Amino acid sequence: DLVFSQLNPWAVEIIRGVEATALAARFRVAVSVVEDRPESERWLSTLTDTPTDGVILVLTELLPQQRAALAALDLPVVIVDPVGQPDPHIPSIGAANWAGGLTATNHLIDIGHRCIATITGPPSLLCSRARLDGYRAALERAGVPVDPALIRPGDFAVEAALHAATDLFGKPDRPTAIFAGSDMQAMGIYEAARLQHLRIPDDLSVVGFDDLPMSAWASPPLTTIRQPLEQMSTLATRT
């Protein structure tokens with residue numbers, strides 16, 4: 001069972017790695033998308049009715065009662081990108097999110113930017129907080145003050161990033177660069193820039209996070225931090 005808290009192009013890359021590895025080992029993959037608590041409870045109840053050999057949770061907060069239910073079923077569990085502090089008793093797999101945020105921001109600093117904004121992922125997610133911490137660390141190391149007004153929360157989706165970027169562009173001292181917490185958010189920033197008649201990279205530099213296949217088709221192609229999604233999901237499946 002492969003369980004997601006959300007389904008988007010990022011999730012498709014995760015599914016690709018899981019399916020390839022599972023099918024090679026002659027296992028079938030069932031995918032569930034969980035948006036709220038009731039759906040989560042319904043998913044757990046199906047495990048007693050359907051033969052299941054293991055569970056991979058993606059961007060999921062494993063609550064105590066859910067952990068107890070899985071333990072009672074004696075099912076192995078692996079978490080990809082845990083929401084909060086990883087449970088030391090459950091294997092978890094994630095990218096180097098802090099280092100990615102640091103690298104993205106350092107790149108923007110290195111090409112001359114000092115007014116650098118960021119549109120983060122959901123603040124509740126550990127990966128979002130780590131990328132934001134990397135952004136802050138890069139600015140502090142370069143002696144650039146961290147301006148809270150340049151930090152906007154997002155949800156890893158296009159529309160919220162479009163609105164956040166539009167708001168940033170309305171500032172008298174608008175940012176000259178934005179680090180997006182995901183490639184999907186970078187697409188929202190691209191659209192906001194187009195609507196404001198800002199040229200990339202002449203008027204605005206953008207760095208994303210994920211290196212989704214679609215990033216190569218942006219105009220201009222998106223500079224992004226590669227997250228090895230297929231390798232992460234392959235390792236989760238092998239584990």
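Me: Buried means under 20% relative accessible area and exposed means over 50%, with partly exposed in between. Why is D203 called partly exposed?

Reply: In this predicted model, D203 has a relative accessibility of 22%. That value falls between the limits of 20% and 50%, so D203 is classed as partly exposed.

Me: What makes the contact of D203 with R199 a salt bridge?

Reply: The N to O distance between the side chains of D203 and R199 is 3.2 Å. The cut-off is 4 Å, so the pair qualifies as a salt bridge. The structure holds seven salt bridges.

Me: How do you know that D87 and R67 form a salt bridge, and where do the two residues lie?

Reply: The closest N and O atoms of D87 and R67 are 2.7 Å apart, which is within the 4 Å limit and therefore meets the criterion. The pair links distant parts of the chain, with the two positions 20 residues apart in numbering. D87 belongs to the loop between β4 (77–80) and β5 (92–93), whereas R67 belongs to helix α3 (residues 64–72).

Me: Why is D87 called buried, and why is R67 called partly exposed?

Reply: D87 has a relative accessible area of 17%, which is under 20%, so D87 counts as buried. R67 stands at 31%, between the two limits, and therefore counts as partly exposed.

Me: What makes D173 and K171 a salt bridge, given a value of 3.8 Å?

Reply: The value of 3.8 Å, taken from N to O, is within 4 Å, so D173 and K171 satisfy the definition. K171 has a relative accessible area of 19% and is therefore buried, the limit being under 20%. D173, at 46%, is partly exposed because 46% is not over 50%.

Me: Why is S215 called buried, and which residues does S215 touch?

Reply: S215 has a relative accessible area of 3%, which is under 20%, so S215 is buried. S215 sits in the loop between β9 (205–210) and β10 (223–226). Not counting residues up to four places away in sequence, S215 touches D183, P221, L222 and T224.

Me: What makes F27 partly exposed, and with which residues is F27 in contact?

Reply: The relative accessibility of F27 is 41%, between 20% and 50%, so F27 is partly exposed. F27 lies in the loop between α1 and β2 (31–33). With neighbours within four places in sequence set aside, F27 is in contact with A22 and D53. The C-alpha atoms of F27 and W98 are separated by 34 Å.

Me: How does the reach of helix α1 (residues 9–24) stand against the expected span?

Reply: Helix α1 has 16 residues and reaches 23 Å from its first C-alpha to its last, close to the expected 22 Å. Among the buried residues of α1 are W10, I14, V18 and A22. Residues three or four places apart in an α-helix point the same way, because such a helix has 3.6 residues a turn. Just after α1, R26 takes a positive phi of about 65°.

Me: How many cavities of 30 Å³ or more does the structure hold, and which residues lie nearest the centre of the largest cavity?

Reply: There are two cavities of 30 Å³ or more, and the largest contains about 110 Å³ of space. Its lining comprises 13 residues, of which W10, L59, F156, S182 and D210 lie nearest its centre.

Definitions and conventions. Residues numbered from 1 in each chain as written. Predicted model: local features only at pLDDT ≥ 70, side-chain atom pairs only at ≥ 80, totals over all residues. Heavy atoms only, no water. Helix = DSSP H or I, 4+ residues; strand = E, 2+ residues; numbered from the N terminus. Buried < 20%, exposed > 50% of the residue type's maximum accessible area, 1.4 Å probe, protein only. Contact = heavy atoms within 4.5 Å. Expected span 1.5 Å × (residues − 1). 1 Å grid on protein atoms, 1.4 Å probe; cavity = no way out; pocket = protein on both sides within 12 Å on 5 of 7 lines; lining within 4 Å. Points joined across faces, edges and corners; volume = space filled by probe spheres on them.
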